[in-house]
2 protein chains.
Amino acid sequence: MAKGMLPRTARRIPDATIRRLPAYLRALEAEAGQRLTSAALGVLTGFSSEQVRKDLAYFGAFGTRGVGYPAQELASEIRHILGLDHELKAALFGAGHLGTALARYVAATHRDVRIVAIFDPDPQKHGTEIAGTVVESLAHFETEVQRLGVAVAILAVPDAAAQPLAQRLAAAGVRGFLNFAPVMLTLPAPADGSPPAAVHNIDLSIELQTLAYFVQVHETAQV
Amino acid sequence: MAKGMLPRTARRIPDATIRRLPAYLRALEAEAGQRLTSAALGVLTGFSSEQVRKDLAYFGAFGTRGVGYPAQELASEIRHILGLDHELKAALFGAGHLGTALARYVAATHRDVRIVAIFDPDPQKHGTEIAGTVVESLAHFETEVQRLGVAVAILAVPDAAAQPLAQRLAAAGVRGFLNFAPVMLTLPAPADGSPPAAVHNIDLSIELQTLAYFVQVHETAQV
């Protein structure tokens, strides 16, 4: 075990901390070979050094005061915590502009997430490739998803399609959803008592409307 | 003034509350003409009724116990607070797959946000239309943005382009950024003492890596 790293505690890590880990990871990977203080990690990620220290303490990472965290070791630790030390298999639903952009993005940037299947209802798209993956029909998507061991579904489908699709996918064993349709997905808890699938919504309406508020605040402040 | 609504206080509303307002707004607009209790609003948005009550109290909205909030009035109040009672002008940078998807999405769903200009370096795209807006060259984007009164820039550009572009746009008076490039934008505070531009990052890496964690937690829980 690396000096200054303690074994992970069983303490529950807050979701907000989990959401900051990818930012730390990116900064640490960019500085591999270095040691980074909380302050330096803060500057690179936009969080306060206090926040960095608090977050990293959750999983027992203690930087040596004034010397900081060894970037590479801390990066692997974070990858392990996030579950990124083994490949995550994803299926993309919807091969429109958004789906195409997402597939290319994931292929270009994610060694740890791999899109193993793309589904779209449009027969004209079937057999075409996006970032190396062939677009398939929706005819047998549930068996395909099970055969391929898909853990995560990325939904870039019309609003009305998202909820019924997510329900069928959850029943087929998909455990995580990245949903771009501006609808709230509600998934029943599995009958076997296992926890319900994780849903992350990326809702552009919310981003735009929230941004409107902050822009307005600026206007007021400038008057 | 509507019964049960008090004038807005000058109290600072937490960002997390602001981020939940669009979800309340969507639910309230879907139920216009009804009255909604905190519990009902909670079910529709996925937040606890306690959270709903706390959030709405920030801007002086008090539902009558057991009768709830008048949906339409509360919706206009939220629109006012978010600054959505007047149109927000946005410029889109990047007319690739992501940019195209975003332009169509905004045109289809946002009566309060309007994309008034689309810029892309590719000459083949110049003069083509996306959702009714013509794609222009980047030759004079700063003067265009000022002429059109653009408040918000949506950046769907390659990573390396985002930071220099955002700096020039901020200098040209753009006050809000919706950034899809996986880089942290740092904008200097304006020399005139006005607050720095608001930046919202939509980082798919972070969403995917966070989702990996929650999927992994499920696996562990199922063992």
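**Exercise 1.** State why A:Leu204 counts as buried.

Solution. Start with the count: A:Leu204 has 21 C-beta neighbours inside 10 Å. Then apply the cut-offs: a residue is buried if 20 or more other C-beta atoms lie within 10 Å of its own, exposed if 12 or fewer, and partly exposed in between, with C-beta atoms placed from the backbone. A:Leu204 therefore counts as buried. For its place, look at helix H8 (residues 204-222) of chain A. Helices (H or I, at least four residues) and strands (E, at least two) are DSSP runs, numbered from the N terminus. Finally, compare positions: A:Leu204 and A:Pro158 are 46 residues apart along the chain, and their C-alpha atoms are separated by 14 Å.

**Conventions.** Residues are numbered from 1 along each chain as its sequence is written, while chains are lettered from A and ligands numbered from 1 in the order in which they are written. The model is predicted, local features need pLDDT of at least 70, side-chain atom pairs count only at pLDDT 80 or more, and totals for chains, interfaces and linings use all residues.

**Exercise 2.** Describe how confident the predictor is in chain A and in the complex.

Solution. The scale comes first: pLDDT is the predictor's confidence in each residue, from 0 to 100. Chain A averages 85, and 91% of its residues score at least 70. Residues 1-10 of chain A stay under 50; for this stretch the model has 15 contacts beyond four places in sequence. Two residues are in contact if their C-beta atoms, placed from the backbone, lie within 7 Å. For the complex, the ipTM is 0.74 and the pTM is 0.78.

**Exercise 3.** Give an outline of chain A: its helices and strands, its box and its domains.

Solution. Count the elements: there are eight helices and nine strands in chain A. Along the principal axes, its C-alpha atoms fill a box of roughly 60 × 55 × 35 Å. Of its 223 residues, 40% count as buried. Among contacts in chain A with a separation of 6 or more, 58% join residues 24 or more positions apart. Next come the domains, whose bounds are from an automatic or database domain assignment: domain 1 covers 15-82 and domain 2 covers 88-206. Their centres, taken over C-alpha atoms, are 31 Å apart.

**Exercise 4.** Compare the length of helix H4 of chain B with its expected span, and list its buried residues.

Solution. The expected span of a helix is 1.5 Å times one less than its number of residues. H4(B), residues 71-82, has 12 residues and should span 16 Å; its end C-alpha atoms are 16 Å apart, which agrees. The buried residues are B:Ala71, B:Leu74, B:Ala75, B:Glu77, B:Ile78, B:Arg79, B:Ile81 and B:Leu82. Just after the helix, B:Gly83 has a positive phi of about 80 degrees.

B:Gln72 also has its place in H4 of chain B. This residue counts as partly exposed because it has 16 C-beta neighbours inside 10 Å. Leaving out residues up to four places away in sequence, B:Gln72 touches B:Ala32 and B:Gly33. The C-alpha atoms of B:Gln72 and B:Glu29 are separated by 6.7 Å, with the two positions 43 residues apart along the chain.

**Exercise 5.** What is unusual for a residue other than glycine in the phi of A:Ala131?

Solution. Phi of A:Ala131 is positive, about 50 degrees, although the residue is not a glycine. A:Ala131 lies in the loop between strand S5 (129-130) and strand S6 (133-136) of chain A. With 15 C-beta neighbours inside 10 Å, A:Ala131 counts as partly exposed. In the other chain, phi of B:Ala131 is positive too, near 50 degrees.

**Exercise 6.** Relate the two chains to one another and describe the contact between them.

Solution. Copies are superposed by least squares on the C-alpha atoms of residues with pLDDT of at least 70 in both. A turn of 180 degrees and a shift of 0.0 Å along the axis lay chain B on chain A with an RMSD of 0.0 Å. The two copies are thus related as by a two-fold rotation axis. The same surface serves both copies, since 100% of the contact residues of chain B recur in chain A. In chain B, B:His97 comes closest to the axis, with its C-alpha at 2.4 Å.

The contact takes 47 residues from chain B and 48 residues from chain A. On the chain B side, the elements supplying at least two residues include helix H1 (15-30), helix H5 (97-109) and helix H8 (204-222). H8(B) gives the most, with 16 residues. By class, this side has 27 nonpolar, 16 polar and four charged residues. Here Ala, Val, Leu, Ile, Met, Phe, Trp, Tyr, Cys and Pro count as nonpolar, Asp, Glu, Lys and Arg as charged, and the others, Gly among them, as polar.
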